[in-house]
Amino acid sequence: MLKILVAIEGSESCSKVAQKAQELALLCKGNVTFLTIVSPDFKLVTSKEKLEAENKKLEMKKAETENALEICSMVYGQCELVLGEQGLKTKRVVKEGNYPAEDIVEYADKNNFDLLVIADKGSKKLKDKLLGSTTEKIVRHAKTSVLVVK
């Protein structure tokens with residue numbers, strides 16, 4: 001049975017990625033695991049002003065993370081229903097990590113997945129543009145096959 005890992009982050013492409021993984025699972029009678037990496041984002045604070053500024057940033061980050069997880073949950077629930085009707089198993093994993101590409105590749109390797117399904121692009125962060133996208137890093141470093149969904 002094919003083991004499929006689907007890395008989703010709650011972006012606009014989340015549904016497309018899940019749908020493609022669902023199609024593959026139905027064709028190949030595979031089991032699907034949905035993986036979401038959330039950043040703990042800890043920082044050293046040296047003054048009251050910085051603490052207040054960091055608290056505001058953390059509140060915004062918390063709201064963004066909760067929204068992303070809600071989207072991921074809806075997508076997961078839809079796939080779980082469809083695949084479950086066909087007798088296929090699904091699983092959802094949420095992990096903390098500061099380096100999504102490395103964390104996804106490591107999880108895929110440790111759990112012996114046959115296929116990793118990811119979006120061609122996620123959120124539009126300046127950091128991603130400067131360092132190269134998470135998708136490119138995954139494709140470059142993954143030991144398993146990777147399907148990039150546009």
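1. Lys29 is placed in the loop between α1 and β2. In this predicted model, Lys29 has a positive phi of about 55°, although the residue is not a glycine. With a relative accessibility of 43%, Lys29 falls in the partly exposed class, because that class lies between the 20% limit for buried and the 50% limit for exposed residues.

2. A comparable entry concerns Asn112, found in the loop between α3 and β4. Asn112 comes just after α3, and its phi, near 55°, is a positive value in a residue other than glycine. Asn112 is exposed, its relative accessible area being 57%. A further positive phi, of about 80°, belongs to Gly87, which comes just after α2.

3. Confidence should be considered before the details are read. The mean pLDDT of the protein is 86, and 89% of its residues reach 70 or more. Residues 126-132 call for caution: pLDDT stays under 50 over this stretch, and the model has six contacts for it beyond four places in sequence.

4. Which residues have the most contacts inside the largest nonpolar core? They are Ile4, Val6, Ile8, Val17, Val32, Phe34 and Val117, in a core of 20 residues. At least two residues of this core are supplied by each of β1 (3-7), α1 (14-28), β2 (31-38), α2 (48-85) and β4 (115-119). Another core, of 15 residues, lies apart from it; Ile37, Val93, Ile118 and Ala142 are among its members. As background, nonpolar side chains in soluble globular proteins tend to be buried together.

5. Val117 illustrates how the largest core is connected. Residues up to four places away in sequence not being counted, Val117 touches Ile4, Leu5, Val6 and Ala7, and also Val17, Ala21, Leu147 and Val149.

6. Ile8, another residue with many contacts in that core, lies in the loop between β1 and α1. Is Ile8 buried or exposed? At 6% relative accessibility, Ile8 counts as buried, since the limit is set at under 20%. Beyond four places in sequence, Ile8 touches Cys14, Val17, Phe34, Leu35, Thr36 and Cys72. The C-alpha atoms of Ile8 and Val75 are 9.3 Å apart in space, although these residues are separated by 67 residues in sequence.

7. Helix α2 has 38 residues. From its first C-alpha to its last, α2 reaches 54 Å, close to the 56 Å expected at 1.5 Å a residue. Its buried residues are Glu54, Ala68, Cys72, Val75, Tyr76, Cys79 and Leu83. These residues pack against α1, β2 and β3 (90-96).

8. Two aromatic pairs are found in a search of the whole structure. One of them joins Phe34 and Tyr76 in an edge-to-face arrangement, with 5.4 Å from centre to centre and 80° between the planes. Why does this pair tie together parts that are 42 residues apart in sequence? The reason is that Phe34 lies in strand β2 and Tyr76 in helix α2. Both partners are buried: Phe34 has a relative accessible area of 1%, and Tyr76 has a relative accessibility of 13%.

9. An interaction of another kind involves Lys3 and Phe113. Lys3 lies over the face of Phe113, at 4.9 Å from the ring centre.

10. Helix α3 (residues 100-110) has Ala101, Asp103, Ile104, Val105, Tyr107 and Ala108 as its buried residues. The elements that cover these residues include β1, β2, β3, β4 and α5.

11. Thr135 is placed in helix α5 (residues 134-141). Its relative accessibility is 13%, so Thr135 counts as buried. Leaving aside neighbours within four places in sequence, Thr135 is in contact with Ile118, Ala119, Asp120, Lys121 and Val148. One of these partners, Ile118, is also among the residues of the 15-residue core.

Terms used
Residues are numbered from 1 along each chain as its sequence is written. Side-chain values use heavy atoms; hydrogens and water are left out. A nonpolar core is a set of buried Ala, Val, Leu, Ile, Met, Phe, Trp, Tyr and Cys residues joined through side-chain atoms within 4.5 Å. Buried means under 20% relative accessible area, exposed over 50%, partly exposed in between (1.4 Å probe, protein chains only). Helices (H or I, at least four residues) and strands (E, at least two) are DSSP runs, numbered from the N terminus. Contact means heavy atoms within 4.5 Å. The expected span of a helix is 1.5 Å times one less than its number of residues. Rings of Phe, Tyr and Trp (its six-membered ring) pair if their centres lie within 6.5 Å; planes under 30 degrees apart count as stacked, over 60 as edge-to-face and the rest as tilted. A charge sits over a ring if NZ of Lys or CZ of Arg is within 6 Å of the ring centre and within 35 degrees of the ring normal. pLDDT is the predictor's confidence in each residue, from 0 to 100.
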